[in-house]
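Reader: Could you take me through one part of this model in some detail? I'd like to hear about the open sheet and what packs on it.

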Amino acid sequence: MIAAWEIHATDPKVTADFYSGPLGWTIQEAEWDGNPYLIIVSDEGQAMGRIIKRYGEAPEKGAPVMGGVLNFAVDDLDAAMAAFKAKDAVVAMGRFEIPGEGFACYFLDPDYNVFGLFEAAS
């Protein structure tokens, strides 16, 4: 079970705007030990993850993945892909089928962090 997850960003507010629209996230500002960060809140009011300030260089476009990849569940993969493309997301891997499970794709966010979208088979 995952206890918490984070997206590291050069500009957390830009990254929050990038993800919140297409995924319908609610974002709340918070602070820990004098450091501001953003909390991603579920429809039920539970903290799902955080967007925090990156204290180093963002990965270069095309660089290998240096950590885990977050895959976000969506009801309509094509609609979610269109919403991210409208925000100038970079397609890392277009729509593909995972036999017996559903469909997925991968994008790069504004800091070139890799993330995935997943639509379960009906």
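Author: Here is the sheet, strand by strand, followed by the helix on it and the core.

First, this is a predicted model, where local features need pLDDT of at least 70, side-chain atom pairs count only at pLDDT 80 or more, and totals for chains, interfaces and linings use all residues. Residues are numbered from 1 along each chain as its sequence is written, and side-chain values use heavy atoms, with hydrogens and water left out.

The open sheet has four strands, ordered E1-E4-E3-E2, with mixed pairing. (Strands are DSSP runs of E, at least two residues, and helices runs of H or I, at least four, numbered from the N terminus; two strands pair if DSSP finds at least two bridges between them.) E1 and strand E2 (26–32) sit at the edges, each pairing on one side only. On average, neighbouring strands here are turned by 30 degrees against each other, direction ignored; axes are lines fitted to C-alpha atoms, for helices over the stretch in contact, and angles run from 0 to 180 degrees between N-to-C directions.

Now zoom in on E1 and strand E4 (residues 47–53): they pair in the parallel sense over four bridges. His-8 stands opposite Ile-52 in E4. H1 packs on the sheet and touches E1, E2, E3 and E4, while its direction makes about 140 degrees with that of E4. Contact, by the way, means heavy atoms within 4.5 Å.

What about the core? The largest nonpolar core has 22 residues, and Tyr-19, Phe-72, Phe-84 and Leu-117 have the most contacts inside it. Such a core is a set of buried Ala, Val, Leu, Ile, Met, Phe, Trp, Tyr and Cys residues joined through side-chain atoms within 4.5 Å, buried being under 20% relative accessible area (1.4 Å probe, protein chains only). Among the elements giving two or more residues to this core are strand E1 (6–9), helix H1 (12–23) and strand E3 (35–41).

Conventions
Buried < 20%, exposed > 50% of the residue type's maximum accessible area, 1.4 Å probe, protein only.
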